[in-house]
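Student: I am new to this structure and would like to understand the terms used for it. Could we go through them together?

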Amino acid sequence: MSDLIQDHLSENQYWMQQAIDLARRGQYSTKPNPNVGCVIVKDGKIIGEGFHPKAGQPHAEVFALRQAGENAKDATAYVTLEPCAHFGRTPPCAEALVKAQVKKVVVACSDPNPLVAGKGVKILQDAGIEVETGICDEEAKTLNFGFLKAMSTGLPYVRLKIASSLDGRTAMASGESKWITGTAARQDVQHWRAISAAVITGIQTVLADDCELNVRSLDGIDLISVVQPKRIILDRQGQLPLSAKILQNPETVMVMTPFRQELADLGVIQLAPQPLNQLLQTLTQQYQIYDVLVEAGATLSTAFLEQGLVDEMISYVAPTLLGQSARPMFNAKFSKMAEQLRFELVDVTQLGQDIRLRLLPIQEMI
């Protein structure tokens, strides 16, 4: 190990990267809890490691400490998120680290949860444990965009997914849209659904496609371990047919609609019609939904964008042309260049013959 490490900073980065890799193993199963990884290092070797697998189960630090046993004394713990400081379904991890008598704790990013928010670090420091923060913090934050935003603002992290042709069309005039993109791109969508606590769509999409919007396959992952996202349908006129495929698993469906007794009888959660920003607050504050994926037609997608509610756009572009009569991906009517919505391109990935663009809205232009 010493040959790989050139200085103190790179040593910390090396071990924190191991913890980040561990944390990713829980990305499909921990909702609503954050993804957290921990490694305990002593004499240049990992003596304990763990990740948080599921809400209600032990946290990453607990698994790592169990594995390390008595050897944890005077060791260094690397944790991707500030150790918790409160009793929830599990005891405080900060106190567990103190009890184990570790010498130092390296933390990637702070936890904005008001129940933690610096308290975890303080418990460690008050016990005489050295604490270092901010190591690989940006990469660690990508593990928990939704959790971090929800704890800070009360709103979820919203991703808008769009699949379009080269000429910016998402369906034929009839509504036919299967398939614009290829198999690899459609499989990639499964990942974004799986890390989301909810998928939001409009009633017109359900009526046109009879879609299910669930997670059906993930490369190398047993779906039994995946927490399926809630499917949320915005249906202000009460048009959702009881025969819709999406209602085959009604316990994972939420509908924003005037109250319908037949949906209540199925066990579907119904939400009162409300503005989009209020809906997002409701989802976070009442249902602990911190990551949202919007998969909808142009009208609803445009509404999210125009209201500045999109944190990230995931755009799949297929090398095909559908023509001017096909349905557009965006239907706002702008008359001036100053009205345009601009984005920062953060990633381009080829998936089969298609490309995936990941874009962040430049908020001052909205």
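Tutor: Gladly. Helices (H or I, at least four residues) and strands (E, at least two) are DSSP runs, numbered from the N terminus. With that in hand, Pro32 can be placed in the loop between helix H1 (8–23) and strand E1 (37–42). Residues are numbered from 1 along each chain as its sequence is written. This is a predicted model, where local features need pLDDT of at least 70 and side-chain atom pairs count only at pLDDT 80 or more, while totals for chains, interfaces and linings use all residues; side-chain values use heavy atoms, with hydrogens and water left out.

Student: What joins Lys31 and Pro32?

Tutor: A cis peptide bond, with omega of about 5°. Most peptide bonds are trans, and most residues other than glycine have a negative phi.

Student: Which phi does Cys136 have, and where is Cys136 found?

Tutor: Cys136 is not a glycine, yet its phi is positive, about 60°. Cys136 sits in the loop between strand E5 (130–133) and helix H5 (137–141).

Student: Why is Cys136 called buried?

Tutor: Buried means under 20% relative accessible area, exposed over 50%, and partly exposed in between (1.4 Å probe, protein chains only). Cys136 has a relative accessible area of 19%, so Cys136 is buried.

Student: And Asp74, why is that residue called partly exposed?

Tutor: Its relative accessible area is 48%, which lies between the two cut-offs, so Asp74 is partly exposed. Asp74 also has a positive phi, about 70°, although it is not a glycine. Asp74 is in the loop between helix H2 (60–68) and strand E3 (76–81).

Student: How do you know that Asp126 and Lys122 form a salt bridge?

Tutor: A salt bridge is a side-chain nitrogen of Lys or Arg within 4 Å of a carboxyl oxygen of Asp or Glu. For Asp126 and Lys122 the N to O distance is 2.8 Å, so the pair fits the definition. Both residues lie in helix H4 (residues 119–126), four residues apart, about one turn of the helix. Asp126 counts as exposed because its relative accessibility is 56%, whereas Lys122, at 49%, counts as partly exposed.

Student: What makes Asp347 and Arg356 a salt bridge?

Tutor: Their closest N and O atoms are 3.1 Å apart, so this pair also meets the rule. Arg356 counts as buried because its relative accessibility is 10%, while Asp347, at 24%, is partly exposed.

Student: How many salt bridges does a search of the whole structure find?

Tutor: The search finds 15 salt bridges. Arg159, Asp291, Glu312 and Arg358 are linked in a network of salt bridges.

Student: What makes a space a pocket and not a cavity?

Tutor: On a 1 Å grid over the protein atoms alone, a cavity is a set of points where a 1.4 Å probe fits but cannot get out; a pocket is an open set with protein on both sides within 12 Å along at least five of seven lines, and lining residues have an atom within 4 Å of a point. Grid points are joined across faces, edges and corners, and a volume is the space filled by probe spheres set on the points. The largest pocket has a volume of about 1400 Å³. It is lined by 50 residues, and the closest to its centre are Thr205, Asp209, Glu295, Ala296 and Gly297.

Student: Which helix gives the most to the lining of the largest pocket?

Tutor: That is H7, with six residues.
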